[in-house]
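Colleague: Could you take me through one part of this model, slowly and up close? I am still learning to read structures.

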Amino acid sequence: MPPAQGHPPFRADHVGSLLRPQALRQAFRQHAGKEISDAEFGKLQDQCIRDVVALQESVGLQVVTDGEFRRGSYWGRFVERTEGFSIKPASFKFRNDAGHEVEFTAPFAKSKIRRLQALALDEFDFLRTVTKVTGKITLPAPSTMHFYRCNDFADRAVYPDDAGFFYDLAKVFQQEIAELAKAGCRYVQLDEVAVALLCDSTIRDDVKRSGSDPDALVDLYIASINQAVAKCPTDVTVGVHMCRGNFKGHYLGAGGYESVAERFFANANVNHFLLEYDTSRAGDFAPLRFVPKTKGVVLGLVSTKTPVLESLGGLKRRVEEAGRYIDLDRLAISPQCGFASTVAGNPVTEADERAKLALVVEAARTIWQ
């Protein structure tokens, strides 16, 4: 059954990616170097997924993922399995509070975009066999395939404008979500970074210099989400996770949601939003006043970028603060992002991860008892 209108599906949730065990990280390297076979790699992934599902269930979560253990990064498998994409350097850099910067790569459409094989269906097919609670599938939001290289997202001989690109991309999402729903998946999460980054004045300036209009991009990315889920069955819950980048504890941008909130919250045709709120980079809770009463919010109050464990009292106070702008009954709690948006993971241990997931469950039980 889908959640009641205006409510998140679970009081305790998490964003999806989890720390890969050392053996799995090593296996990714070995598989890339053809040192182990597809069968060996798949067998290890299966066992690691069984273990990480058991971890999630043991702390009391009623929604689990496979940790994205079959992916090199949160969007990598989507690009690998969709015809037409290649990889090029991104236009932005990750950074941390010490000022350290890290370059990364981004999708680029070199030819027509087509879905020739399932993207995450096999992930769900296995996940459903190893859990009795709700299995969630995460997908990168459509903007992921467009934003990170500013205006240079595709070969202009193939896609001379945004419209044709997003039309083809939407068909990929529609086909994938339809097959997931047919297989029994009832919770899909889209990971939206670009719209949150468009709250950052420095990034907005970069976008302008590339020849694009930041506000027009916000509207374009809202429309792209709506296209992607346009044919989603009504009994499938769709959430959108928003964050400012997550790579080895680094981030891409800062800035509160205020400049995009009214448009994004009102116009995105989804059930709920999972919002990064672990640091001052995300701004205050005032933008939550724009969330329509038909939609819920999961507050990402627990950081996955640091091993420091938040206090239960502190989380309760933060939820109460958010409750000044949106009804408490329409809220839930989670970590602010995944623990490992890539195989490398964030600078936390598996013990830290367990403690933080357990804290999320404890906080939810305490606040919404």
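Which side chain does the side chain of Asn-271 join in a polar contact of 2.9 Å?

Modeller: Happy to! Please keep in mind that this is a predicted model. The partner you are looking for is His-272: its side chain and that of Asn-271 are joined by a polar contact of 2.9 Å. Now let us see where Asn-271 sits. You will find Asn-271 in the loop between helix H9, residues 258-267, and strand S8, residues 272-276. Although Asn-271 is in a loop, its relative accessibility is 16%, so it counts as buried, since buried means under 20%.

The side chain of Asn-271 also has a polar atom 3.2 Å from the backbone oxygen of His-7. If we set aside neighbours within four places in sequence, Asn-271 is in contact with several stretches of the chain. Early in the numbering there are Pro-3, His-7, Pro-8 and Pro-9. Then come Thr-237 and Val-238, followed by Thr-294, Lys-295 and Gly-296.

Asn-271 also helps to line a pocket, the second largest one, with a volume of about 340 Å³. Fifteen would be a lot of names to learn, so let me give you the ones to look for: of the 15 lining residues, Thr-234, Val-236, Asn-269, Val-270 and Asn-271 are the closest to the pocket centre. Sorted by class, the lining holds eight nonpolar residues, six polar ones and one charged one.

From here we can turn to the nonpolar cores. The largest has 115 residues, and Phe-147, Phe-165, Phe-264, Leu-288 and Leu-299 are those with the most contacts inside it. Helix H5, residues 162-183, gives this core its largest share, nine residues. Apart from this core lies another one, of six residues, including Phe-10, Leu-274, Val-298 and Ala-332.

Try clicking on Leu-299 to see what surrounds it. Not counting residues up to four places away in sequence, Leu-299 touches Leu-275, Tyr-277, Phe-285, Leu-288, Val-319, Ala-322, Leu-331, Ala-332, Ile-333 and Ser-334. Leu-288 is thus both a neighbour of Leu-299 and one of the residues with the most contacts inside the core.

Let us finish in helix H5, with Gln-174. Its relative accessibility is 17%, so Gln-174 counts as buried. Beyond its neighbours within four places in sequence, Gln-174 is in contact with Gln-227, Ala-228, Ala-230 and Lys-231.

Definitions and conventions
Residues are numbered from 1 along each chain as its sequence is written. This is a predicted model: local features need pLDDT of at least 70, side-chain atom pairs count only at pLDDT 80 or more; totals for chains, interfaces and linings use all residues. Side-chain values use heavy atoms; hydrogens and water are left out. On a 1 Å grid over the protein atoms alone, a cavity is a set of points where a 1.4 Å probe fits but cannot get out, and a pocket is an open set with protein on both sides within 12 Å along at least five of seven lines; lining residues have an atom within 4 Å of a point. Grid points are joined across faces, edges and corners, and a volume is the space filled by probe spheres set on the points. Ala, Val, Leu, Ile, Met, Phe, Trp, Tyr, Cys and Pro count as nonpolar, Asp, Glu, Lys and Arg as charged, and the others, Gly among them, as polar. A nonpolar core is a set of buried Ala, Val, Leu, Ile, Met, Phe, Trp, Tyr and Cys residues joined through side-chain atoms within 4.5 Å. Buried means under 20% relative accessible area, exposed over 50%, partly exposed in between (1.4 Å probe, protein chains only). Helices (H or I, at least four residues) and strands (E, at least two) are DSSP runs, numbered from the N terminus. Contact means heavy atoms within 4.5 Å. A polar contact is a pair of N or O atoms within 3.5 Å; within protein, one must be able to donate a hydrogen and the other to accept it, and residues adjacent in sequence count only if both atoms are side-chain atoms.
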